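Colleague: I am new to this structure and would like to understand how the words used for it are justified. Could you show it to me, and then let me ask about the terms one at a time?

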Amino acid sequence: MVTGPRALLVHWTTATPVIAVVLLALTWGRSLPGAVVALLTIVLAASVLAAVHHAEVVAHRVGEPFGSLVLAIAVTVIEVALIVTLMADGGDKSATLARDTVFAAVMITCNGVVGISLLVASLRHGIAVFNPEGTGAALATVATLATLSLVLPTFTTSAPGPEFSTVQLTFAALSSLVLYGLFIATLTVRHRDYFLPITRQGEVITAEEHAHAPSSRTALISLGMLCLALIGVVGLAKAVSPTIEDGVAAAGLHHAVVGVIIALLVLLPETIAAVRSARRDRVQTSLNLALGAAMASIGLTIPAVALASVWLSGPLVLGLGSVHMVLLALTVVVASLTVVPGRATPLQGGVHLVLFAAYLELAVNP
């Protein structure tokens, strides 16, 4: 029987990312018929599952909370590259692309992923338990980053409209990098135990007992396959987006729905990984994935678009409208009340999911 790295190499989760990247190279920038779009959608779904598999292999090797960090950063780096690429195309729609994508990521992760993780864990195990110290620190960082980058531009007066001036944009970008760097240092060095799963008695779980960690070679192979799978997920999502846009237009829906659908596809690997962790009663890992993704989305996207704005023409609109600011404020308040006890029931999960549903409904009917 084939074991070890050879078994990994012949597994479908290794073949799928390669197929996805090849199809992406063959179809990039081309007008695609319906049959090809259907094929790309199938490969896209398979790539999502492959990404989750390889992320779990890497996470098992490096341990928590490093495993959650790997997936969050990998997804966000590729997402940022996609945003900058789309902004380079120019046009009026690109002015709000960074804002809409970042806000969608925050709402999907802080309400959708958090809500479903808490609901699954509490229904399966009676109550969801996590470390309020680490989760509270992550939430505070997300709230600060979101306010500095997405709320303040609406109220500043140095530039017309909901935009930052050059100096303000530079400050926001540097602040995002500093806060994200401090969070990474806290997560991985000084207070790593705050972000580890805990038992119902509050004891930190430092190691998983159910399986041996994969070898370094297997983990490196999975890391490479994870990167390929994520490139395939984001790239194929962009490839099928024209078909999605046509469908949204034909249904008479607001154009912002397209961005929501693409964000949902891009964040699907983290969502599946978070739900799997919640099923195993590792809610802290689920929250690390959700809040880490929101933080990485802001902390890496804003500096990237700030740098790209040097050579990109057109405005860069970052400020949220009044409706979205209300949703963001309510999300921060509700999440704070969820985090403080360190325990959650199905009610808390349901509240977050209702907020997520409200965001989706307002995207369809603004």
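Colleague: How many salt bridges does the structure hold, and what makes the pair in question count as one?

Modeller: In this predicted model the structure holds one salt bridge, formed by R99 with D100. The closest N and O atoms of that pair are 3.1 Å apart, and the limit is 4 Å between a side-chain nitrogen of Lys or Arg and a carboxyl oxygen of Asp or Glu, so the pair R99 and D100 qualifies. As a general point, side chains of opposite charge can pair when their charged atoms come close.

Colleague: Are the two partners, R99 and D100, buried or partly exposed?

Modeller: R99 has a relative accessible area of 16%, and since buried means under 20%, R99 is called buried. D100 has a relative accessibility of 32%, which lies between the 20% and 50% limits, and therefore D100 counts as partly exposed.

Colleague: How much of the protein is buried by that rule, and what does the protein expose?

Modeller: Buried residues make up 50% of the 366 residues, while the protein exposes about 16,100 Å², of which carbon and sulfur atoms supply 68%. The protein has 13 helices and two strands.

Colleague: Which residues have the most contacts inside the largest nonpolar core, and which helix gives the most to this core?

Modeller: The largest nonpolar core has 91 residues, and F103 and Y359 are those with the most contacts inside it. Helix 5, which covers residues 97-125, gives the most to this core, with 13 residues. Leaving aside neighbours within four places in sequence, Y359 is in contact with F103, A104, M107, V260, H324 and L327.

Colleague: What is notable about the phi of D281, and why is D281 called buried?

Modeller: The phi of D281 is near 65°, a positive value in a residue other than glycine. In general, most residues other than glycine have a negative phi. D281 lies in the loop between helix 10 and helix 11, and because its relative accessibility is 14%, under the 20% limit, D281 counts as buried.

Colleague: How do you know that the span of helix 10 is close to what is expected?

Modeller: Helix 10, residues 268-279, has 12 residues and reaches 17 Å from its first C-alpha to its last, which is close to the 16 Å expected at 1.5 Å a residue. Its buried residues are P269, E270, T271, A273, A274, V275, S277 and A278.

Colleague: Why is S297 called buried, and which residues does S297 touch?

Modeller: S297, found in helix 11 (residues 283-308), has a relative accessible area of 1%, and because the limit for buried is under 20%, S297 is buried. Not counting residues up to four places away in sequence, S297 touches T76, E79, V102 and A105.

Colleague: Where is L316 placed, and how far apart are the C-alpha atoms of L316 and A95?

Modeller: L316 is in the loop between helix 11 and helix 12, and its C-alpha atom is separated by 4.9 Å from that of A95, although the two are 221 residues apart along the chain. The relative accessible area of L316 is 12%, under the 20% limit, so L316 is buried too.

Conventions
Residues numbered from 1 in each chain as written. Predicted model: local features only at pLDDT ≥ 70, side-chain atom pairs only at ≥ 80, totals over all residues. Heavy atoms only, no water. Helix = DSSP H or I, 4+ residues; strand = E, 2+ residues; numbered from the N terminus. Buried < 20%, exposed > 50% of the residue type's maximum accessible area, 1.4 Å probe, protein only. Areas by Shrake-Rupley, 256 points an atom, 1.4 Å probe, with all protein chains shown as cover. Expected span 1.5 Å × (residues − 1). Core = buried A, V, L, I, M, F, W, Y, C linked by side-chain atoms within 4.5 Å. Contact = heavy atoms within 4.5 Å.
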